[in-house]
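Got your viewer ready? Load the model, switch on a cartoon view, and follow along stop by stop.

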Amino acid sequence: MNEARQTVIILDFGGKYAQMVARQVREAQVYCEILPYQTRWEEIIRKKPKAIILSGGSLQTTENIPICDERVFKADVPTLAIGFGLQVMVKSLGGVVKTGASREFGPAELFIDEVQELFQGIDNKFMAFMDASSNIVSLPEGFKVLAHTDKTPFAAIGNGKNLYGVHFHPEERYTFYGNKILSNFLFNIAGCSRTWTTKAFIQEQVNLIKEKVGNKRAICALSGGVDSSVAALLVHKAIGDNLTCIFVNHGLLRKNEPESVIQTFKNKFNMNLIAVDASERFLNKLKGIIDPEKKRKIIGEEFIRVFEEEASKLGKIDFLVQGTVYPDVIESGTSSSGLVKSHHNVGGLPEDLAFELIEPLRELFKDEVRKIGLELGLSEELVYRHPFPGPGLAVRVLGEVTKEKLEILREADFIVTDEIKKAGIYRDLWQAFAILPGIQSVGVKGDTRTYKHTVAIRAILSEDGMTGDWAKLPYDLLDVISTRITSEVEGVNRVVYDITPKPPATIEWE
Ligand code: XMP
């Protein structure tokens, strides 16, 4: 561990807020980790926290307030309790909290009563986003009110030493000085410094990987997606040719994708890359298969088989590089966030492979992974590419997958992406792609009646893919996409637009 790294611990009391806080702390270039609220003090202190933040905002009642280890408030560590976290701190220290809903929720005008360090450099009134949790009736001994709103007398409190609490959410964008308040806490109160930078992270990981791997060898299943690409590049920077990447082209990728992966990693970065064209093999396995779950299963299993075959040709390998990112770690851990991962990671590798894992991105949020990728020289095109499912176009060709259908879909999909990029909205969308539902319908071309495929278009706005809305793409853009697809893609005479949010529909059609 880098000695210069300072850690802020965020105790998560549920809801969406802990990750929002964590991202803002990281953006302020301070490293932080989210731990479940019930984490024992012994474990927290082992991380040598420079500061602690209590975060939470779901509608819990104070009767069953989940209390954290009370030693948090007795230690000499600067602590900021936010929203529901404020109730926890007040109750733990002997104050009284009134059960039931908050008197106010959402934006409210906040008046500062005492500037102190938390509110330094900001106006004495501003809009703040109030939490939905219950109200405080009386403060614990030694605490003073630092701010109020018309309806909430204890909107911010402090003990004049190192404990602060705010009823509002500084991490919400509706809180006008939210960033400044968090910065005041991190830098003026907790004395953190901006040590969490892309350069420092890369250097730290390169050293760690070098130390771990020594002269041994590692492999990586490179998909061309941002996570595996950045992980592979980072490990390559540390151990060079002792890393071999295996790129399995299952024939279900987007137009030009295999070529671009080979060009990037083999030619540009000079990496040891084994590119396997297994398209025919996958197509054979998929022949006659209609059931979506069966398709996924076949692709997943075949992927592992191809990967293992290639890996076994390489001699002794000790390490496997994986692009696991922080949200995966939080979601599969003991998080209080209540998130359930909806999709199965087809295209992933089984856990019982005989390798030790290297997961250099385990601590990073997606936006941080992107920054590292750019710093390491990956193109913006690759770094900001929309998510793409492991089973690829097989879940977008409904029913049986054939070479002909894949070719039609690939061309149509290329046009969708091309036009969306030209319109300058690619990065505003979570995903945009084409689907081949396998429907044929009647059309006309000149004087001739046609009977051809329908292409569906899906464009989604989302934060994390768990829920999403269909994007209200401009009619002009839909018009260009439709015209181009029907005139440029052989075999298509109709284009439709999917106007269903998730839920009830999923993002992918299969
Ligand atoms: P759904 O269709 O479940 O998709 O709304 C949510 C997000 O997950 C992606 N997705 C997958 N990603 N393997 C993946 O790596 C899969 O099997 C898979 N299925 C769906 C999908 O593209 C969307 O971003």
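In which sense do strand 4 and strand 11 pair, and over how many bridges? Select residues 79-82 and 163-166: strand 4 and strand 11 run in the parallel sense, paired over 4 bridges. Thr79 of strand 4 sits opposite Leu163 in strand 11. A word on terms: helices (H or I, at least four residues) and strands (E, at least two) are DSSP runs numbered from the N terminus, and two strands pair if DSSP finds at least two bridges between them.

Before moving on, note that this is a predicted model, in which local features need pLDDT of at least 70, side-chain atom pairs count only at pLDDT 80 or more, and totals for chains, interfaces and linings use all residues. Numbering starts from 1 along each chain as its sequence is written, and side-chain values use heavy atoms, with hydrogens and water left out.

**Stop 1: the sheet**

Zoom out to see the open sheet of 9 strands, with mixed pairing and the order 2-1-3-4-11-10-9-6-7. Strand 2 (31-36) and strand 7 (125-130) stand at the edges; each has a single partner strand, so one side of each has no neighbour in the sheet. On average, neighbouring strands here are turned by 25° against each other, direction ignored. For angles, axes are lines fitted to C-alpha atoms, for helices over the stretch in contact, and values run from 0 to 180 degrees between N-to-C directions.

Next, select residues 17-27. This is helix 1, lying across strand 1 (7-12), strand 2, strand 3 (49-55), strand 4 and strand 7, and running at about 165° to strand 2. Add helix 4 (residues 84-92), which packs on the sheet and touches strand 3, strand 4, strand 10 (156-158) and strand 11. The direction of helix 4 makes about 120° with that of strand 4. Contact here means heavy atoms within 4.5 Å.

**Stop 2: the cysteines**

Show the cysteine sulfurs. How many disulfides does the structure hold? The count is 0, where a disulfide is a pair of cysteine sulfur atoms within 2.5 Å. For Cys192, the closest cysteine sulfur is in Cys32, 9.9 Å away and too far for a bond. Cys220 is in no disulfide either, and its nearest cysteine sulfur, in Cys245, is 4.6 Å away. Cys192 counts as buried at 6% relative accessibility, and Cys220 counts as buried at 1%. The cut-offs are under 20% relative accessible area for buried, over 50% for exposed, and partly exposed in between (1.4 Å probe, protein chains only).

**Stop 3: Ser228**

Keep Cys220 on screen and select Ser228, in helix 7 (residues 226-239). Ser228 is buried, with a relative accessible area of 11%. Not counting residues up to four places away in sequence, Ser228 touches Cys220, Ala221, Leu222 and Ser223. A polar atom of the Ser228 side chain lies 3.1 Å from the backbone nitrogen of Ser223.

**Stop 4: two asparagines**

Most residues other than glycine have a negative phi, and most peptide bonds are trans. Now pick Asn256, in the loop between strand 13 (243-249) and helix 8 (257-268): its phi is positive, about 65°. Asn256 is partly exposed, at a relative accessible area of 43%. Then go to Asn270, in the loop between helix 8 and strand 14 (272-277), where phi is about 55°. Is Asn270 buried or exposed? It is exposed, with a relative accessible area of 58%.

**Stop 5: helix 14 and a hairpin**

Select residues 403-422 for helix 14, whose end C-alpha atoms are 29 Å apart. That agrees with the 28 Å expected for its 20 residues at 1.5 Å a residue, the span being 1.5 Å times one less than the number of residues. Among its buried residues are Leu406, Arg410, Asp413 and Glu419. The buried residues pack against helix 9 (279-286), strand 17 (431-435), strand 19 (448-461), helix 15 (475-488) and strand 21. Just after helix 14, Gly424 takes a positive phi of about 75°.

From strand 19, step to strand 18 (residues 440-445); the two pair in the antiparallel sense over 6 bridges. Lys445 has Thr448 in strand 19 as its bridge partner. Their hairpin has 2 residues between the strands, and Gly446 takes a positive phi near 60° there.

**Last stop: a pair of prolines**

Finish in the segment after strand 21 (492-497), where Pro503 lies. The bond joining Lys502 and Pro503 is cis, with omega about -15°. The peptide bond from Pro503 to Pro504 is also cis, with omega near 10°.

Key
A polar contact is a pair of N or O atoms within 3.5 Å; within protein, one must be able to donate a hydrogen and the other to accept it, and residues adjacent in sequence count only if both atoms are side-chain atoms.
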